[in-house]
Protein chains: 2
Amino acid sequence: MTTMGDVARIAGVSASTVSHVLNGTRKVNAETRLRVEAAIEETGYRSNVVARALAGGRTHTVGLSISALTNPYFGGLVHAVERALSDAGYVLIVGDSHDEVDSEKRVVDSLLGRRVDGMIVAPAAGSERATLPEITGTGTPLVLIDRGADIAADQVSAENLDAARSLTEHLLDLGHQRIGVVRGKPGISSTTERFDGHLAALTGRGIELDDDLVLDGDSNTDTAEREVRALMSSTDRPSALVSMNNAMTIGTLKAVRSLGLSIPGDVALVCYDDFEWSDLFEPKLTAAAQDVDTIGATAVELLLRRMRGDDAAPQRIQVPTAFHHRNSCGCG
Amino acid sequence: MTTMGDVARIAGVSASTVSHVLNGTRKVNAETRLRVEAAIEETGYRSNVVARALAGGRTHTVGLSISALTNPYFGGLVHAVERALSDAGYVLIVGDSHDEVDSEKRVVDSLLGRRVDGMIVAPAAGSERATLPEITGTGTPLVLIDRGADIAADQVSAENLDAARSLTEHLLDLGHQRIGVVRGKPGISSTTERFDGHLAALTGRGIELDDDLVLDGDSNTDTAEREVRALMSSTDRPSALVSMNNAMTIGTLKAVRSLGLSIPGDVALVCYDDFEWSDLFEPKLTAAAQDVDTIGATAVELLLRRMRGDDAAPQRIQVPTAFHHRNSCGCG
DNA sequence: CTGAAAGCGCTAACAT
DNA sequence: ATGTTAGCGCTTTCAG
């Protein structure tokens, strides 16, 4: 592998000059530049980013800790983040935290050891006390994505509360009184906020929450399926269901279908999180759609700003969620 | 940020000793080890992987060039690869090639510049002549994933031909004579192989291919939708359709649905690629499911072997594809 | 406009 | 069993 020194020798200049033509970091005579460029061309030289990082103190690398690459929502998020980052000349290192503090800590440690210039994390439950402080302790710029946490860092997520409230209100408007809710993973802000939205809708209409109607799907499709099946098999089943994220929706649909119940005939359904193919499900899903592209792009934007040294007060951005009215609610 | 030197000074030893206790790379007195460990604990020292990489010549990093993070199939693949890699102590750098040689080249250049220890790529069309030689030229271990290419490198993908043939044969068994086929992106091996499977099924039954029935969906949902709509609006439309990948399937379903046709009543459908929620679509999809987990894990395994210096002849592994018989074919 | 030299933080001979 | 010393390949003062 040719090094900068090789190129310099061939071009008959010093390594420092080669470095400067490569980075445009100081004026060099047109003619010498040409010689250097010729030497680079001739040798097929490719600058060593590792050495550059060590000498320069910046790795041009950003770490992302995410919880479930298999979930299409997170896939879209990674995609959006990767694009924005690569546009800005950074590369993305991804780690999967499985939404668990222990693996999250491992991921973050590895990222920090690699001296990423910045970090984007979708914090697992309990992250505030374990891994987040570790990051801020190193001074590495950090932005939280998808979920919030009680720390001084930029955070960007979808608007959860109002969107979830609209979902439940829609059901209420249709006359439903007993509404089951399938919650996601406990301890993360999105779950809490969406549930609060549900609650707000209920109390807004003077309806008291019935604990029997709140299910913990734990953001796991199988768990959700089991829980929903149990609830819907009971004698006193609800007339409508609200699912709080896409994994919950899949589980819910499977459960309802396996019971031979029809949607919205036997039970109405509204969902937080949309799919590209939501209208191919039977029935078409009425859903609140997060704007992943904007969420990802915004997170990167905030991060880049921090990396440039901006030390304004942390921002908490909520990206609007769109309501897609289709058939599963029963009024398509 | 504390360095190894700092730790050494505090522990009253040399940097080299610290390095050795950290890496277990030579025997050190139990007592000195303890002192070093105490110093590490005290300072919160975290070893600098960048410096380590420069000095050691290995970055413990693997690059992945993939074509569409938004596609759940690739999301699953990235997930599988990430897990296998992290189990082996490597981190994953991902780049999205958008299935286009130009961006692929950009991704690969960036990865090579970062001196990844190995590389996994889902080659875009035309990659053999552009970016793949560049990789092998550097001596970086390489394994191709999802698609093959005519170069001397390990490659792992799903079994395409036989699986696709079975799909078409199933339709043939049901009496269909005019079968439309929606192909994916041209120029990549998976598209070619799957189409060959279709062809083999046809010729096996003495049926000649009708060019009007082959559609190029270009692995793009919208294109597929448009093409399918055109074909199905014609007077002489086929009685069955085979979709060659999941993006094509979405487009096909949208098209058929928008025409008010029913599946399998008006047209039967079988698909290459499965979804976790395939049986939630209307109708449930009869599909050939790739085993992403095995594909990803196998690719990593082959890569690690190469990185260890194995120079056996390149392998080409095809992971079996499972046939999921559901309703869209018309015989559920 | 360009070169020399120090140094980024670590590893790995080579000594002792 | 541990320390010394050279680098790894680049960036960046500091000189000229």
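# Exercises on a predicted protein–DNA model

A base oxygen of DNA strand D is 3.4 Å from an N or O atom in the side chain of S16(B). The model in which this pair is found is a predicted one, and the exercises below work through its DNA surfaces, its chain interface and some parts of chain A.

## Exercise 1: The surface near DNA strand D

Task: Find which residues come nearest to DNA strand D, and describe the surface around the strand by element and by class.

Solution. Begin with the residues: there are 25 around DNA strand D, and those that come nearest are M4(A), S19(A), Y45(A), S14(B) and N29(B).

Next, look at individual atom pairs, keeping in mind that a polar contact is a pair of N or O atoms within 3.5 Å. The side chain of S16(B) meets this cut-off with its 3.4 Å distance to a base oxygen, and a polar backbone atom of A55(B) lies 3.2 Å from a base oxygen of the strand. The side chain of T17(B), by contrast, has an N or O atom 2.8 Å from a phosphate oxygen.

Then ask which part of the strand faces the protein: of the atoms of DNA strand D within 4 Å of the protein, 60% belong to sugar or phosphate, and the rest belong to bases.

Finally, assign the surface to elements and classes. Helices α2 and α4 of chain A and α2 and α4 of chain B each supply at least two residues, and α2(A) gives the most, with four residues. By class, the surface holds eight nonpolar, 13 polar and four charged residues.

## Exercise 2: The surface near DNA strand C

Task: Describe the surroundings of DNA strand C, beginning with the residues that come nearest and going on to the polar contacts with phosphate oxygens.

Solution. Of the 24 residues around DNA strand C, the nearest are T17(A), N29(A), M4(B), S19(B) and Y45(B).

Among the atoms of this strand within 4 Å of the protein, sugar or phosphate accounts for 62%, while bases make up the rest.

Three phosphate contacts can now be listed, and the part of the residue that takes part should be noted each time:

- S14(A) places a polar backbone atom 3.0 Å from a phosphate oxygen.
- N48(B) has a backbone N or O atom 3.2 Å from a phosphate oxygen.
- R52(B) uses an N or O atom of its side chain, at 2.9 Å from a phosphate oxygen.

The elements that give two or more residues to this surface are α2 (15–23) and α4 (49–56) of chain A, together with α2 (15–23) and α4 (49–56) of chain B. Sorted by class, the surface has eight nonpolar, 12 polar and four charged residues.

## Exercise 3: The interface between the chains

Task: State how many residues of chain B are in contact with chain A, and how much area the two chains bury between them.

Solution. Count the residues before turning to area: 46 residues of chain B are in contact with 46 residues of chain A.

The size of an interface is often given as the accessible area lost when the parts come together. For chain B and chain A this area is about 4500 Å², with 62% of it on carbon and sulfur atoms. On the side of chain B, R46(B), R114(B) and L280(B) supply 17% of the area buried against chain A, which is more than any other three residues supply.

## Exercise 4: Two helices of chain A

Task: Compare the span of α11(A) with its expected value, do likewise for α10(A), and find what covers their buried residues.

Solution. Helix α11 (residues 246–258) of chain A has 13 residues and reaches 18 Å between its first and last C-alpha, close to the 18 Å expected. For the 13 residues of α10(A), the expected span is 18 Å and the end C-alpha atoms are 18 Å apart, so the two values agree.

Turning to burial, 10 of the 13 residues of α11(A) are buried, including N246(A), M248(A) and V256(A). Those buried residues pack against α5 (72–87), β6 (179–183), α10 (221–233), β8 (240–243) and β9 (268–272) of chain A. In α10(A), the buried residues include T221(A), E225(A) and M232(A), and what covers them includes β6, β7 (214–216), β8 and α11 of chain A.

## Exercise 5: A loop residue

Task: Decide whether I188(A) is buried or exposed.

Solution. I188(A) is found in the loop between β6 and α9 (189–204) of chain A. Because its relative accessible area is 5%, I188(A) is buried, the cut-off being under 20%. Leaving out residues up to four places away in sequence, I188(A) touches P123(A), A124(A), A125(A) and R147(A).

Terms used: Residues are numbered from 1 along each chain as its sequence is written. Chains are lettered from A and ligands numbered from 1 in the order in which they are written. This is a predicted model: local features need pLDDT of at least 70, side-chain atom pairs count only at pLDDT 80 or more; totals for chains, interfaces and linings use all residues. Side-chain values use heavy atoms; hydrogens and water are left out. A residue is near a molecule or strand if one of its heavy atoms lies within 4 Å of it. A polar contact is a pair of N or O atoms within 3.5 Å; within protein, one must be able to donate a hydrogen and the other to accept it, and residues adjacent in sequence count only if both atoms are side-chain atoms. Ala, Val, Leu, Ile, Met, Phe, Trp, Tyr, Cys and Pro count as nonpolar, Asp, Glu, Lys and Arg as charged, and the others, Gly among them, as polar. The expected span of a helix is 1.5 Å times one less than its number of residues. Buried means under 20% relative accessible area, exposed over 50%, partly exposed in between (1.4 Å probe, protein chains only). Contact means heavy atoms within 4.5 Å. Buried area is the accessible area (1.4 Å probe) that two parts lose on being put together, summed over both.
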